[in-house]
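Colleague: I should like to learn how salt bridges, burial and interfaces are read from a model. Could we begin with a single residue and work outwards?

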Amino acid sequence: MSTIIGGQVLRDMVNDWIGDGKRVGGPGYVGNHLILYRWLHRSDELLLESYPRPHNSIKEFLFPSHEKLYHYKIDGQHIELSEAVLPDAQQIIFAARPCDAASLPILDHVFNWDYRDVFYNRRRSLTTVVTLACQDHDAHCFCTSVGGGPDDERGSDAMLFALGQDQYEVRCFTDKGKALFEGKLEESTRVGKVGPGPERRLDLETVREFLKTDFESPLWERQTLRCIGCGACAYNCPTCHCFDITDEKVGSAGVRMRSWDSCQMAMFTVHASGHNPRSRQPQRQRQRIYHKFEIYPSKFGEILCTGCGNCSRVCPVGLGITPVLTAIQEEQAARAGTGAAQEAGREKVDQ
Amino acid sequence: MVMNIYKPDLMKVLQVRQQTGDVKSVRIAFEDPARAAEFSFRVGQFGIFSAFGYGESTFNICSSSNWKDYIEFCFRKTGAVTEALWQIEEGDTIGFRGPYGNSYPMEEWEGRDLIFLGGGIAMPPIRCAIWYALENRDKYGHITVVYGARTTRDLVFQDELDEWAQHERTTIIRCVDPGGETPDWKGEIGFVPNVLKKAAIQARNAVALVIGPPIMIKNTLPVLSDMGLAERDIYTSLENRMKCGVGKCGRCNCGPVYVCKEGPVFSLEQMKHLPNDF
Ligand code: SF4
Ligand code: FES
């Protein structure tokens, strides 16, 4: 048994939600070619196809590119603070890719590590995530290499599977998901299928072995010197969450803002003394890889990557997680090869 | 209402003291008496201080944790936020978030000799521990302070150095780089590591806290090790750039440790396990 829904019913639901004052975010065309997640005004802005995936991520629905942390008023020597208005509208992220939804339980860790971030948590609790299982993938996708897949359920409240002819199987995983589709689904025997997903090309064990010993490897310089430090990989990554805190003041009133930042920026780690522990771009690239595959797992037990491939999809110089990890694997394979060759050589001598 | 971890407490500026040409120390107190009553910290912890309209900056809380009516911090004018802090006057209001981070293991150090080594603007994060130790004088052995700066004009908390020297079992050595002395200079001339060596301190069961520019720390370590201090007995405080202070913004890590949460205080033994990322 399964439950299904027609595409028109889905689109009507989206319009009803928006009419009810809920915020709905989902993928849509911006111009003729670019597909991005964004807040929708009408259901016809929604792209209900699984391919290709948007070039950005859903993180901005929970962790906006810039937001107010609080307001202040300056009156001579006196300062008055007031809270920023927290959102209170329910929000539905619709037709997200599983590799986007999977980022949410991963991000929950850092935003609740001892200190709870009320901005992220508020949006998280207001959010219902409906994913669309992937039928297809492109050359940048690598979810299957990092523990995900085209129907990865992590972070999804419900998932849609395209059945063809504008019909979808709906699987609800949580109460939020069930509540959303309450009374809308028809019983059926049709079961959705997903594509095979990208071929598994990375072996994280091999990568981790390298990271354990090769912080100082020349590979970082060789492989990542060409990075121009634009940060596009980080801004379009569903799991990158570094931020800056700055002031915006006009006259005697202002706001303290938080905005996205990236470890790829030259100024990111400059000390007050002027010393910069990461003064060269390869050191910043190395940080990005270590944070995702070594540091975050050591703290929270999960890698900080869902395999969406946006980093390499948007990188102007052909870098990103897959190119760098592939280079690491090749290095490890070459070493194993040399090791094996040396072993073989030694055996020959022994004989 | 849920706590907004980024919203600071408002602090009244009680006193501003100009320490050098570009260093000031500031004494502040909570505006909210309830917050003042519940607040406590441990020496070695830091705070994030706001100049409203300009932004936030991270400094060690350089007063002793025994002082209940106010806290102090000290800064050098280096950028937009510290430029703005330079302008503040008594009666002004600034913001404070904290205390954050770990602290000096003052209890573990009880019964031992203490060696404090500081270079330049690194005195404030040592000062809090010195005051704390002097206020608990019976609990610690001999206290030695070697404090160096480029010139005589760059030494901060000069009056307090004199005051510390009055205490029993306490040796205060101040030094300036060669050429940085004045004709009437009575302290040592030379760099901290050399002055430390020359002082030939009897280090028995000692721990050292070393804070200063990387080059000073690097050159001091061999001297301390010749004096018989083990790596686990030498401590420092890292000065990584921070924004959030609460383990979120991803800025302060040195390899696997978030300096804002797991630091800033590390023993040399712990530092040895960190990658070269500082
Ligand atoms: S890896 Fe590519 S996308 Fe990322 S900062 Fe470097 S150049 Fe930009
Ligand atoms: S200062 Fe933000 S994570 Fe440490």
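Modeller: Let us begin with A:Arg280, which has a relative accessible area of 38% and is therefore partly exposed. Please bear in mind throughout that this is a predicted model.

Colleague: Why is A:Arg280 called partly exposed?

Modeller: The class between buried and exposed runs from 20% to 50% relative accessible area. A:Arg280 falls in that class because its value is 38%. A:Glu221, at 33%, is likewise described as partly exposed.

Colleague: Which side chain does A:Arg280 meet in a salt bridge?

Modeller: The general idea is that side chains of opposite charge can pair when their charged atoms come close. In this model A:Arg280 pairs with A:Glu221, with an N to O distance of 2.1 Å. A:Glu221 belongs to helix H7 (residues 218–224) of chain A, whereas A:Arg280 sits in the loop between strand E12 (253–260) and helix H9 (281–300), so the bridge ties together parts that are 59 residues apart in sequence.

Colleague: How is a salt bridge inside one helix to be read?

Modeller: One looks at the spacing along the helix. A:Arg335 and A:Glu331 form a salt bridge, their closest N and O atoms being 3.5 Å apart. Both residues lie in helix H11 of chain A, four residues apart, which is about one turn of the helix. A:Arg335 is partly exposed at 34%, while A:Glu331 is buried at 18%.

Colleague: What does chain B offer as a case of this kind?

Modeller: B:Arg35 and B:Glu38 join their side chains in a salt bridge of 2.9 Å, N to O. About one helical turn separates the two, because they are three residues apart in helix H1 (residues 33–38) of chain B. B:Arg35 is buried, with a relative accessible area of 18%, whereas B:Glu38 is exposed at 55%.

Colleague: With which residues is A:Gln332 in contact, beyond its neighbours within four places in sequence?

Modeller: A:Gln332 lies in helix H11 (residues 321–350) of chain A. Apart from those neighbours, it is in contact with A:Thr206, A:Glu209 and A:Phe210. Its relative accessibility is 12%, and the limit for burial is under 20%, so A:Gln332 counts as buried.

Colleague: How should the contact between two domains of one chain be described?

Modeller: One states the bounds, then the separation, and then what meets at the interface. Chain B is divided into domain 1 (9–100) and domain 2 (113–237). The centres of these domains, taken over C-alpha atoms, are separated by 24 Å. Contact involves 19 residues of domain 1 and 17 residues of domain 2. Together the two domains of chain B bury about 1300 Å², 56% of it on carbon and sulfur atoms.

Colleague: How many salt bridges are found across the interface of domain 1 and domain 2 of chain B?

Modeller: The rule finds three salt bridges there, together with eight residue pairs in polar contact. On the side of domain 1 that touches domain 2, strand E2 (23–30) and strand E5 (71–76) of chain B are the elements that give two or more residues. The largest share of that side, four residues, comes from E5(B). By class, the residues of that side divide into seven nonpolar, nine polar and three charged.

Colleague: Which residues are linked with B:Asp159 in a network of salt bridges?

Modeller: The network comprises B:Arg17, B:Arg27, B:Glu72, B:Arg127, B:Asp159 and B:Glu160. Within it, B:Asp159 forms a salt bridge with B:Arg17, the closest N and O atoms being 3.1 Å apart.

Colleague: How is the interface between the two chains read?

Modeller: The approach is the one used for the domains. Here 48 residues of chain B are in contact with 46 residues of chain A. The chains bury about 4100 Å² between them, 55% of it on carbon and sulfur atoms. B:Tyr6, B:Lys248 and B:Arg251 supply 17% of the area that chain B buries against chain A, more than any other three residues.

Colleague: How many salt bridges does the rule find across the interface of chain B and chain A?

Modeller: There are eight. B:Asp277 and A:Arg278 meet in a salt bridge of 3.0 Å, N to O. The interface of chain B and chain A also has 30 residue pairs in polar contact. Over all chains, the structure holds 45 salt bridges.

Terms used
Residues numbered from 1 in each chain as written. Chains lettered and ligands numbered in written order. Predicted model: local features only at pLDDT ≥ 70, side-chain atom pairs only at ≥ 80, totals over all residues. Heavy atoms only, no water. Buried < 20%, exposed > 50% of the residue type's maximum accessible area, 1.4 Å probe, protein only. Contact = heavy atoms within 4.5 Å. Domains from an automatic or database assignment. Buried area = accessible area lost by both parts, 1.4 Å probe. Salt bridge = Lys/Arg side-chain N within 4 Å of Asp/Glu carboxyl O. Polar contact = N/O pair within 3.5 Å; in protein donor to acceptor, adjacent residues only side chain to side chain. Nonpolar A, V, L, I, M, F, W, Y, C, P; charged D, E, K, R; others polar.
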